[in-house]
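Reader: Before I rely on any labels attached to this model, I would like to go through the reasoning behind them with you. Could you set each value against its definition as we go?

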Amino acid sequence: MRLTQTSDLWWKNAVVYCLDVETYADGNGDGCGDFRGLIQQIDHLHRLGVTCIWLMPFYPSPDKDDGYDISDFYGVDPRLGTLGDVVELVRTAHDRGMRVIADLVVNHTSDEHPWFVEARSSRDSPKRDWYIWSDEEPADAAEGVVFPDQETSIWELDEKTGQYYLHQFYKFQPDLNVANPEVRDEIARIMGFWTQLGLSGFRVDAVNFLIETKRQQDKLALPDPHDYLADLSAFLRRRNGEAVLLGEVNLPYPDLMQFFGARDGGGSTDELTMCFDFIGMQAMYLSLARGDAGPLTEALKQRPQPPEDGHWATFVRNHDELTLDKLSEAQRQEVFDAFGPEKDMQLYGRGIRRRLPPMLDGDQRRIRLVYSLLFALPGTPVLFYGEEIGLGDNLAAEGRLAVRVPMQWTSEPGGGFSTADPSTFPEPLAAEPFGPEQVNVRDQSRDPDSLLSFFRHLVESYRACPELAWGTAQVLDPGPDAGSVLAHRCDVDGVSIVALHNVGDRKVTAALPLKGLGGCELYDVLAADGSTETVPDDGTLEVALPPYGFRWLRSSP
């Protein structure tokens, strides 16, 4: 019997919410967010309709890369709390019907991790082979540098032992050697530890780097990378049958599909449960910049169908720069011109370090259009904390930290994030006009017309329309005069939903071919007035949309 017949695939219609404990809520007044503060604010997530909390790294760390340089995979950074606090968060979330997943960052460690300290102590160290070493700096050492403003090579000389170690990211993040069975076993132990404490899975950081073995000097008897990923997945499911692996794999669709696994012919995934759709996200921004739905329409047509128990994870932005690396240079420049025209807004020539509301100049029509798209597109929506209130950014912060500003709960000077002096916060508050006085949870909770109220309605509507998550999706032709409209349809169990989104700044009328729905009445899911549309007998429905307008039209069962 297939997994889909025996297991609760809760991730199919989940609402995932990513947050950094450090910048979410301060519970003890020291200026740094912590688990106590997060627990105190968890009912906000419950009211929003979140079903899965994704925690960014909270482990002990020198904090040279915002916690992604980990020095102990089995602990909690003392600034944020204790293991007991993590267990209390998981229990509190479960009480409200929410699951918790966490970042699994095992492509590398901090250079201050005891493993690496021991590994670099001698060439004969028992931990030496836990990392990747070379006698000479390889000729391709400059290829694939992720942070070109900080690094010129992905190999660094360890002067004491006279060998170079591999670091795909910063030099203080040496790569683990996953070809070593001891390392693979240790990664499984890490997963088992946190699963035992109640986590429902992991967002796997830098998956394609994690399983890559081509940099190995000794090519003999290396494990197949995807076999290793399948082993990790099998281990996790033995520990918790409903657990997920959400993968960060920024590759073209044909290469990315390998990370789902499904080598049994396309049925069940045996590697990652979900993969982020970086291609679709970048196409969406190109469509917004042009006012033309074409790029996003083509991306959706080209996007492969995942295995039946896998899913795409859709998102507007994540915690890094808004990467545009899969667009052509000319296309990328179009997006830069529209949403990040100043050099200070760009990063590495491939991305934008801004949040959506400042990019759209606070235009509520366009902001709401984008998030309607997020929830309507086939896939599991993933939110980055603060998106529900239109949280801004602060370009005064370094690099990617510009978007990792403290959450704003009230209009007070510290935004309700902490009672401490804002100068002690991990990052500065969002810059005006998106500061706490203009953007905060408390004021928007009291306003039925606020973005937060709209978000709650979106989430509720999404959860009430299971065909968006479970249905068979197809892109529709909106007609020759509606090039700014993305129209798609999802069908399951005799129910259909048609979603239309006008990314242009002018009113248009879409003419939709709705085969099999002639004579049916479609009601507007998002409209407060219960308006309906009747499909003519010939199956062609005309729908007028204002600039940046959107509608979800659903047939009655």
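Author: The model is a predicted one, and its largest pocket holds about 890 Å³ of space. Helix H8 (207-210) and helix H9 (225-239) are the elements that give two or more residues to the lining of this pocket.

Reader: Which residues lie nearest the centre of the largest pocket, and how does its lining divide by class?

Author: Of the 38 lining residues, Val146, Phe169, Asn208, Phe209 and Asn250 lie nearest the centre. By class, the lining of the largest pocket divides into 12 nonpolar, 10 polar and 16 charged residues.

Reader: What makes the space lined by Asp277, Met281 and Leu300, among others, a cavity?

Author: The term cavity applies because a 1.4 Å probe fits at its points but cannot get out. The largest cavity holds about 100 Å³, and the structure has 4 cavities of 30 Å³ or more. Helix H11 (278-290) gives the largest share of the lining of the largest cavity, 3 residues, and the classes in that lining are 8 nonpolar, 2 polar and 2 charged.

Reader: Why is the contact between Asp43 and Arg96 called a salt bridge?

Author: The definition asks for a side-chain nitrogen of Lys or Arg within 4 Å of a carboxyl oxygen of Asp or Glu. In the pair Asp43 and Arg96 the closest N and O atoms are 2.5 Å apart, so the contact meets the definition. Asp43 lies in helix H4 (residues 42-48) and Arg96 in the loop between helix H5 (83-95) and strand E3 (99-104), so the salt bridge ties together parts that are 53 residues apart in sequence.

Reader: How do you know whether Asp43 is buried or exposed, or something in between?

Author: Buried means under 20% relative accessible area and exposed over 50%. Asp43 has 31% and is therefore partly exposed, and Arg96, at 27%, also counts as partly exposed.

Reader: What about the salt bridge between Arg404 and Asp320: are its two residues buried or exposed?

Author: Their side chains meet at 3.0 Å, N to O. The pair links Arg404, in the loop between strand E14 (380-384) and helix H16 (441-445), with Asp320, in the loop between strand E10 (311-315) and strand E11 (322-323), 84 residues apart. Arg404 has 3% relative accessibility and so counts as buried, and Asp320, with 13%, is therefore buried as well. Salt bridges that share partners join Asp65, Asp66, Asp320, Arg400 and Arg404 into one network.

Methods:
Residues numbered from 1 in each chain as written. Predicted model: local features only at pLDDT ≥ 70, side-chain atom pairs only at ≥ 80, totals over all residues. Heavy atoms only, no water. 1 Å grid on protein atoms, 1.4 Å probe; cavity = no way out; pocket = protein on both sides within 12 Å on 5 of 7 lines; lining within 4 Å. Points joined across faces, edges and corners; volume = space filled by probe spheres on them. Helix = DSSP H or I, 4+ residues; strand = E, 2+ residues; numbered from the N terminus. Nonpolar A, V, L, I, M, F, W, Y, C, P; charged D, E, K, R; others polar. Buried < 20%, exposed > 50% of the residue type's maximum accessible area, 1.4 Å probe, protein only.
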